[in-house]
Amino acid sequence: MIATVTLSLGSYMLARWFAGRGPYERHKEMAGAMVTRIAALHGLIIALVFAQEMTSYQRLETQTAAEASAIADVFNDAARYDATLLGPLQQDMRGYLRAVIDTEWDQLGAGNGLSDAAWAIWSTAYDRVLDLIPQTPRQVSLRDHMLASLHAISASRDMRQSEAITSVAHFFWIAALSGVVLIAFGHYIYTPERHNLVLLGLFSAYTGAILFLIFGFSNPYSPPAELQPGPLQTLATKLLAGS
């Protein structure tokens, strides 16, 4: 916010210096029309990008809850399928949760992608279920459901990585900051009185706050708007308590 206010007021003062001492009255109509059009486009761009980043953030939140549900389904179906499967597959699910919560989330925040260890555990669990030979209709149904749940986990992982590498394009920041500069330029016709400077500063501060939120939501795995793997942590607390 401070940086945006500084940029805006600095641009305003630069425009005043460049335009000379006036008179400015005859330019007010043209300057007002220009500022109105640029401000409308600027506001539209920021609103669309903010909505996009917020939607992606909420989608990831929902997908994390779905992944936790799929892990719980595999864990519980393993016990229903066969007592001999109870230990190995359930341990895979516990290990997977540890890898995602303790390692993978931080890796994604640092831009290092998904954890190879978590993928290896998922692959081991998937092979275990593939190798099952059902003996009853009940086991056939459970095996199919566990495979579907493991596929859902894999899809969640792919989406998690996609959200980590898909961010706001650099062109957006160019458009956003140039809009702040051009809007400030357009106000050169108004004298640098205290009230005018305060109003221009308030506009710039609000714009800076929105840009900060967009920046925060652009990487949901790191501060300032870090999304915690809450559903996975809750599930881990329950499953690891029984290990």
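**Exercise 1.** In which helix of this predicted model is Gln 139 found, and is Gln 139 buried or exposed?

*Solution.* Begin with the secondary structure: Gln 139 belongs to helix 5, which comprises residues 137-165. Next, take the relative accessible area of Gln 139, which is 11%; because buried means under 20%, Gln 139 counts as buried. Finally, look at the surroundings: leaving aside residues up to four places away in sequence, Gln 139 touches Tyr 81, Asp 82, Ile 133 and Pro 134.

**Exercise 2.** Identify the residues of the largest nonpolar core that touch the most other members, and the helices that supply this core.

*Solution.* The largest nonpolar core has 39 residues, of which Ile 71, Leu 150, Ile 153 and Leu 232 touch the most other members. At least two residues of this core come from each of helix 2 (28-81), helix 3 (83-109), helix 4 (116-130), helix 5 and helix 8 (230-241), and helix 2 gives the most, with 10 residues. For Leu 150, the contacts beyond four places in sequence are Val 74, Met 93, Trp 122, Ala 125, Tyr 126 and Val 129.

**Exercise 3.** Describe the span of helix 4, the placing of its buried residues and the cap at its N-terminal end.

*Solution.* With 15 residues, helix 4 reaches 21 Å from its first C-alpha to its last, close to the 21 Å expected at 1.5 Å a residue. The buried residues in helix 4 are Ala 118, Trp 122, Ala 125, Tyr 126 and Val 129; because they cover an arc of only 100° around the axis, they lie on the same side of helix 4. The N-terminal end is capped by Ser 115, a side-chain oxygen of which lies 3.2 Å from the backbone nitrogen of Ala 117.

Notes:
Residues numbered from 1 in each chain as written. Predicted model: local features only at pLDDT ≥ 70, side-chain atom pairs only at ≥ 80, totals over all residues. Heavy atoms only, no water. Helix = DSSP H or I, 4+ residues; strand = E, 2+ residues; numbered from the N terminus. Buried < 20%, exposed > 50% of the residue type's maximum accessible area, 1.4 Å probe, protein only. Contact = heavy atoms within 4.5 Å. Core = buried A, V, L, I, M, F, W, Y, C linked by side-chain atoms within 4.5 Å. Expected span 1.5 Å × (residues − 1). Arc of directions from axis to C-beta. Polar contact = N/O pair within 3.5 Å; in protein donor to acceptor, adjacent residues only side chain to side chain.
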